[in-house]
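Grab a pencil and work through the exercises below. Each one comes with a solution you can follow step by step.

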Amino acid sequence: MTRRALSNPLALAVLACLYERPMYPYEITTTLRERGKDDSIRLNFGSLYSVIKSLEKHGFIAKVRAEREGNRPARQVYEILRSGRVEAERWLREILSVPAKEYPDIEAGLSLVAMLPPTEVATLLRSRIAALDTEIEERVQALDQAAAEGLPEMFTIETDYRLAMVRAERSWVAALAERLDGDEVGGQHAWAELGRLRAAGATADELDAAIARAFPEPFRPAVGGDVTP
């Protein structure tokens, strides 16, 4: 991916709003929320102002006028500049065409599962499956409602994508939980033994010795040991 001046997806969303017409910050926020974009892009008013200032600093947008209603403070209206249009189009093309490494929490958790016994991990994964089932149901209902209201599919593409990803995750997590229940995961017996040693109050040295016996050095997992000073 190209190293760019701004990398927060909210900045691209702001550029997309101003790509349509000049807006003031609150109008940008309202537009994004009304269109459900806050489901795909992290949005809060404080960070929005910071992003707008950064876009202005880098010459992508500029104040075009101030508007005042009654005794309220004047609202600054922003417009996108030609450089901002070029940046927005280039950025969007790159996002759509070039895969980027992301760091979801579940991937981090899976990389550290040896801290917990496999039986507990299986239980936690089943809890996750229940939550995923709820999300799948909600997103299916949202898509069905959008279709019933005649909303063109192009406006729900991100929801359909998220639904596909959640379904794929649900399938993968369910398969892993089932394999854990059947003691079918490679290294699971040694992993379970580490859990039993830890539960029995094994010292860090005893855990290290058990890890050394069970796993080759480059692949030794991190496990919680004796943390008493």
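## Exercise 1: A glutamate in a helix

Glutamate 135 touches Arg162 and Val166, leaving aside residues up to four places away in sequence. Keep in mind that this is a predicted model.

Task: work out where glutamate 135 sits, and whether it is buried or exposed.

Solution.
- Start with the element: glutamate 135 belongs to helix H6.
- Next, look at the accessibility: its relative accessible area is 18%.
- Now apply the cut-off, since buried means under 20%.
- So glutamate 135 counts as buried.

## Exercise 2: The whole chain

Task: describe the make-up of the protein chain and decide how its spread compares with a compact globule.

Solution.
- Count the elements: the protein chain has nine helices and two strands.
- Put them in order, and you read α-α-α-β-β-α-α-α-α-α-α along the sequence.
- Compare the radius of gyration, 25 Å, with the 17 Å that the globule rule gives for 229 residues; the value is well over the rule, so the protein chain is more spread out than a compact globule.
- Check the extents too: the C-alpha trace spans about 70 × 45 × 40 Å along its principal axes.
- Finish with burial: 29% of the 229 residues are buried.

## Exercise 3: Two sides of helix H9

Task: find which residues of helix H9 (residues 204-214) are buried, and say how they are placed around the axis.

Solution.
- Pick out the buried residues in H9, which are Leu207, Ala210 and Ile211.
- Look down the axis: these residues cover an arc of only 100 degrees, which puts them on the same side of H9.
- Recall a helper from helix geometry: an α-helix has 3.6 residues a turn, so residues three or four places apart point the same way.
- Turn to the other side of H9, where Asp205 and Arg213 are exposed.
- Ask what covers the buried residues of H9, and you'll find that H8 is included.

## Exercise 4: Salt bridges

Task: follow the salt bridge between lysine 37 and glutamate 158, and say which parts the pair ties together.

Solution.
- Start with the idea: side chains of opposite charge can pair when their charged atoms come close.
- Check the distance: the side chains of lysine 37 and glutamate 158 meet at 3.1 Å, N to O.
- Place both partners: lysine 37 is in the loop between helix H2 (25-34) and helix H3 (45-57), while glutamate 158 is in helix H7, so the pair ties together parts that are 121 residues apart in sequence.
- Add their accessibility: lysine 37 is partly exposed at 24%, and glutamate 158 is partly exposed at 24% as well.
- Step back to the total, and the structure holds 15 salt bridges.
- One of them joins arginine 21 and glutamate 27 at 3.0 Å, N to O, and a network of salt bridges links Glu20, Arg21, Glu27 and Arg35.

## Exercise 5: An odd backbone angle

Task: say what stands out about the phi of aspartate 183, and where this residue lies.

Solution.
- Begin with the usual case: most residues other than glycine have a negative phi.
- Now read the angle: aspartate 183 is not a glycine, yet its phi is positive, about 55 degrees.
- Locate the residue in the loop between helix H7 (157-181) and helix H8 (188-199).
- Last, check accessibility: with a relative accessible area of 46%, aspartate 183 is partly exposed.

Technical notes. Residues are numbered from 1 along each chain as its sequence is written. This is a predicted model: local features need pLDDT of at least 70, side-chain atom pairs count only at pLDDT 80 or more; totals for chains, interfaces and linings use all residues. Side-chain values use heavy atoms; hydrogens and water are left out. Helices (H or I, at least four residues) and strands (E, at least two) are DSSP runs, numbered from the N terminus. Buried means under 20% relative accessible area, exposed over 50%, partly exposed in between (1.4 Å probe, protein chains only). The radius of gyration is taken over C-alpha atoms; the globule rule is 2.2 Å times the number of residues to the power 0.38. The arc is that of the directions from the helix axis to the C-beta atoms. Contact means heavy atoms within 4.5 Å. A salt bridge is a side-chain nitrogen of Lys or Arg within 4 Å of a carboxyl oxygen of Asp or Glu.
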